[in-house]
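Visitor: I should like to understand the terms used for a protein model. May we look at one together?

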Amino acid sequence: MGHQKIRKAVFPVAGMGTRFLPATKAVPKEMLTVVDKPVIQYVVDEAIEAGIEHLVFVTGRGKGVIEDYFDIQFELEALLKERNKNAELTILSDMLPQAGMASFTRQQSPLGLGHAVWCARDIVGDEPFAVLLPDMIMSAEKGCLKGMVELYEKTGGNILAVEECDPEQAHKYGIVGVGDAVGDGFKITQMVEKPAKGTAPSNFFINGRYILQPEVFDILETQERGAGNEIQLTDGMLTLAKSQEFAAYKFTGETYDCGAKDGFILANVAFALKRADIRPSVENGLKALVSKLG
């Protein structure tokens, strides 16, 4: 019997983006642009590449512009048609989800990632689902979630995407223990959030992509608050791991944390250099800047 298809993906986009103030006072951090696309568009594209059919956005106050972004803008499209801007019209058409493909629900209070995921429970229902952190955008020949779905089709259960870090930096991340190899990954033997230096079970850290079984919702509903006085998704996964298997998909591309200023800047540079239309000028500008570093 095949494993139930991963049809739905949850995007927790309710965060306040305080690390990017003052820009995020009026603009959601997920709408900050990497080159000419909002960060959230890159993450949605990754989900669609993986076969996701239903996008579930967990939003908060001041995030209405995300919903507007994934909708038709009649005045803009009328103006583009009037001016024969067909290339721009194609761009808008290609990024628009099909009718009924996107749902939006509210997280009224900032109670953590686990709580944000729990807020999507009625939309997701009783089926496995993906979670994609919108701050993390990735670059690879094959999207991270697509690789995870391929591994899930072999193993079932729960899948976490992981990457390798410098062992000396393992104390900064959620780290997993390495078990038997399976597909493009391995069985997870344990999960430790920010282990003390020298105690990490490996140097594989969880990078912001998850495939979870729906039983996690019941766990999150009654889970006590953890670190930061928030309902932590990691705590919920640890409880779920007592009764279900977890496997890790080893992602080998590039990941950019666009929730941090340095990661956001690096993402802009990296994705600009992938664009044939602007690479020459960007590359020349970068070389000029680097030459001044001495």
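Visitor: What caps the N-terminal end of helix 3 (residues 74–82)?

Guide: Q73 does, since one of its side-chain oxygens lies 3.2 Å from the backbone nitrogen of E75. A polar contact is a pair of N or O atoms within 3.5 Å; within protein, one must be able to donate a hydrogen and the other to accept it, and residues adjacent in sequence count only if both atoms are side-chain atoms. Helices (H or I, at least four residues) and strands (E, at least two) are DSSP runs, numbered from the N terminus. This is a predicted model, in which local features need pLDDT of at least 70, side-chain atom pairs count only at pLDDT 80 or more, and totals for chains, interfaces and linings use all residues. Residues are numbered from 1 along each chain as its sequence is written, and side-chain values use heavy atoms, with hydrogens and water left out.

Visitor: Why does K194 count as exposed?

Guide: Exposed means over 50% relative accessible area, buried under 20%, and partly exposed in between (1.4 Å probe, protein chains only). K194 has 52% relative accessibility, and therefore counts as exposed. K194 lies in the loop between strand 10 (185–193) and strand 11 (204–212).

Visitor: Why does V35 count as partly exposed?

Guide: The relative accessibility of V35 is 25%, so V35 counts as partly exposed. V35 is found in the loop between strand 2 and strand 3 (37–38), and its phi is positive, about 60 degrees, although V35 is not a glycine.

Visitor: What is the peptide bond from L21 to P22?

Guide: That bond is cis, with omega near 10 degrees.
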